[in-house]
Amino acid sequence: MKNNILVIDEDIDYSKKFCNQGNKLYGDRYLFLHFSSLKSVKEYIEENKHSSLVVSSSYAGSIDDVSGGSMYVLSEDDKSVKKDGRRTYIYKLQNVKNILGVISDDLEKKDGKVNVNQGIESKLVVFYAVDYIKSKYELVKRIAKYILKKKKILIVDLDEFGNYKGKTGLSNIIFNYKEDKLDVENIEKEIEIEKNLLYIKSTTYPEDFNVINNVDLANIMSKVRELPYDYIFVNADMSYTKNQYILNDADMIVLFKDGNSERIDKVKTHLRNENSIDISKIYEMNLSKMDREYLMNFSKGLLE
């Protein structure tokens, strides 16, 4: 699972750009989250695990009471990297890539990690729509069937009403995650087969999603990606906030287009600006062309 790196700077635009760059360069290992106040950082840490903090020197003295993790202080006084206990001082007025490199190298040494993709080989394909589309999940299944002969696929459903009162699925995975017991073996127990397609069904009750946040959901999906599949297809719901970090991690994003081009263009712009997503990862599916030939060609396009 990814380690969370929390970032706070008095210049909010700087901290946002810092996180965008961090997620773009090191998103396979870390999830950079920016905060606008010390209160919000402390509240987050009370309920969530974190790997480290990145703070400007003006905040450093006010956050000593936060336990756990390394602290990287961005200083404007000294150009050298200095360590003082759990703190590491890094010169702020330099290229953000250089700062991120120092942090990444330091964390790898502490965790005994190497610069690899943590064994994740499966490609994550997220199917997302800005408006409700009744047939969306069925379309995801049809696309999976067209490429099933060539690739091994697992479908994960995030529709909160898609598995009402079901005994297997995401609710059990979420429970194991919260208990810090999530592994490949207990994820495999939640997989079902139906008409040659493999699924992890959604939560038993819609409110089961309330015990995790969007970062937790992305961490769960990272663990799912360790299973031996070529593709993990995610049927995402309409909530951008809920799916924000899954979209960021996706190798491919399929946007369902129902004729409202303006809204689709706004979503693409938002994904590119806020999440630093390469626009080439986004595939548009035109719902006005749902014939067999179109779907087959679209499915082939995902494999190329």
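In the predicted model, Lys-92 is positioned over the face of Tyr-14, 4.8 Å from the ring centre. A second lysine, Lys-141, lies over the face of Tyr-137, at 4.5 Å from the centre of that ring.

Aromatic side chains also associate with one another, and a search of the whole structure identifies nine aromatic pairs. In one of them, the ring centres of Phe-18 and Phe-32 are 6.3 Å apart and the ring planes are inclined at 65 degrees; the pair is therefore edge-to-face, a class that requires an angle over 60 degrees. Because Phe-18 belongs to helix H1 (residues 12-26) and Phe-32 to strand E2 (residues 30-35), this pair ties together parts that are 14 residues apart in sequence. Phe-18 is buried, with a relative accessible area of 0%, and Phe-32 is likewise buried, at 3%. Elsewhere, ring pairs join Phe-127, Tyr-231, Phe-233 and Phe-256 into a cluster.

Helix H11 (residues 292-303) was examined in further detail. Its twelve residues, at 1.5 Å a residue, should span 16 Å, which agrees with the 17 Å that separates the end C-alpha atoms. Within H11, the residues Tyr-294, Leu-295, Phe-298, Ser-299, Gly-301 and Leu-302 are buried. These residues cover an arc of only 155 degrees around the axis and therefore lie on the same side of H11. Arg-292 and Glu-293, on the other side of the helix, are exposed. The cover over the buried residues of H11 includes helix H5 (136-147) and strands E11 (231-235), E12 (252-257) and E13 (282-286). At the start of H11, a side-chain oxygen of Asp-291 comes to within 3.2 Å of the backbone nitrogen of Glu-293.

Technical notes:
Residues are numbered from 1 along each chain as its sequence is written. This is a predicted model: local features need pLDDT of at least 70, side-chain atom pairs count only at pLDDT 80 or more; totals for chains, interfaces and linings use all residues. Side-chain values use heavy atoms; hydrogens and water are left out. Rings of Phe, Tyr and Trp (its six-membered ring) pair if their centres lie within 6.5 Å; planes under 30 degrees apart count as stacked, over 60 as edge-to-face and the rest as tilted. Helices (H or I, at least four residues) and strands (E, at least two) are DSSP runs, numbered from the N terminus. Buried means under 20% relative accessible area, exposed over 50%, partly exposed in between (1.4 Å probe, protein chains only). A charge sits over a ring if NZ of Lys or CZ of Arg is within 6 Å of the ring centre and within 35 degrees of the ring normal. The expected span of a helix is 1.5 Å times one less than its number of residues. The arc is that of the directions from the helix axis to the C-beta atoms. Contact means heavy atoms within 4.5 Å. A polar contact is a pair of N or O atoms within 3.5 Å; within protein, one must be able to donate a hydrogen and the other to accept it, and residues adjacent in sequence count only if both atoms are side-chain atoms.
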